[in-house]
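Student: I have a model open and want to go through its strand pairing and charged contacts. Can we take it step by step?

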Amino acid sequence: MSVQPSVRAFDVEATTSHPGNHHVDAEGLKRALRALGGGVSIITAGEGETRTGATVTSATALSIDPPRMIVTLNRSASTLPVVERYGHFCVNVVGHDHETLANQFAGLGGLKGAERYHGAEWIRLESGAPVLENAAAAIDCEVEELIERHSHAIVLGRVVGIRFGNRGSLVYRDGRYFALGG
């Protein structure tokens with residue numbers, strides 16, 4: 001058996017040969033990712049005064065069969081220890097009218113922990129994680145595995161409950177929210 005050299009379908013430019021290219025670093029990666037629109041979700045966990053959460057664009061399905069979700073959380077954020085402690089989280093897909101709530105959970109305005117839950121109605125499903133009552137959709141999960149890498153942790157969740165809303169959702173791109181109809 002012989003191995004054939006790969007054939008390039010296009011030429012690869014050197015990193016600095018084009019004016020639009022940027023050195024590979026944290027700022028360059030952030031800038032590139034800002035061009036990618038992402039669905040906005042609020043990750044919630046905890047109970048009572050230990051409730052907390054974070055606004056993310058990093059929640060997605062890991063697997064449809066079996067139903068599994070994946071979310072990445074900053075290791076230095078308050079949400080990760082609560083997810084670890086309670087073994088649950090909910091991916092609350094926010095509706096087009098939840099921009100203020102998304103900002104609260106992103107830490108704008110200085111609200112922390114349970115204070116971030118003000119101004120919305122919350123219920124619980126199977127796992128016990130807080131669920132935004134009028135979310136576009138809510139995906140209730142029990143933690144299956146947590147993998148710490150670099151600045152973030154990858155949280156794998158077994159889906160134990162799903163709730164559907166009747167509304168559009170938000171997308172975040174280049175520092176702004178955009179409403180999607182529904």
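Student: Which residue in E5 stands opposite Ala61?

Tutor: This is a predicted model. Strand E4 covers residues 60–63 and strand E5 covers residues 68–74. The two pair in the antiparallel sense over three bridges. Opposite Ala61, in E5, stands Met69.

Student: How many residues does the hairpin use to join E4 to E5?

Tutor: E4 and E5 are antiparallel partners. A hairpin makes the connection, and its residues number four.

Student: E5 also pairs with E10. Which residue in E10 is the bridge partner of Thr72?

Tutor: Strand E10 spans residues 152–164. E5 and E10 run antiparallel over seven bridges. For Thr72, the bridge partner in E10 is Ile154.

Student: Which strands are the edges of the open sheet E1-E11-E12?

Tutor: Three strands form this sheet, in the order E1-E11-E12, with antiparallel pairing. An edge strand here pairs on one side only. That description fits E1 (38–39) and E12 (176–180).

Student: What is the bridge partner of Gly39 in E11?

Tutor: E11 holds residues 169–173. E1 and E11 pair over two bridges, in the antiparallel sense. Gly39 has as its bridge partner in E11 Val171.

Student: Now the charges. How many salt bridges does the structure hold?

Tutor: One of them joins the side chains of Arg68 and Glu144. Another is formed by Asp97 and Arg167. The count for the structure is five.

Student: How far apart in sequence are the parts tied together by Arg68 and Glu144?

Tutor: Their side chains meet at 2.7 Å, N to O. Arg68 sits in E5 and Glu144 in strand E9 (residues 137–149), so the parts this pair ties together are separated in sequence by 76 residues.

Student: Is Arg68 buried or exposed?

Tutor: Buried means under 20% relative accessible area. Arg68 has 17%. Its partner Glu144, at 43%, counts as partly exposed. Arg68 therefore counts as buried.

Student: Where does Arg167 lie, the partner of Asp97?

Tutor: The closest N and O atoms of this pair are 3.1 Å apart. Asp97 is in the loop between strand E6 (88–93) and helix H3 (99–105). Arg167 is 70 residues away, in the loop between E10 and E11.

Student: Which strands do Glu142 and Arg158 tie together?

Tutor: These side chains form a salt bridge at 2.4 Å, N to O. Glu142 is partly exposed at 27% relative accessibility, and Arg158 is partly exposed at 35%. The pair ties together parts 16 residues apart in sequence, because the residues lie in E9 and E10.

Note on methods:
Residues are numbered from 1 along each chain as its sequence is written. This is a predicted model: local features need pLDDT of at least 70, side-chain atom pairs count only at pLDDT 80 or more; totals for chains, interfaces and linings use all residues. Side-chain values use heavy atoms; hydrogens and water are left out. Two strands pair if DSSP finds at least two bridges between them. A salt bridge is a side-chain nitrogen of Lys or Arg within 4 Å of a carboxyl oxygen of Asp or Glu. Buried means under 20% relative accessible area, exposed over 50%, partly exposed in between (1.4 Å probe, protein chains only).
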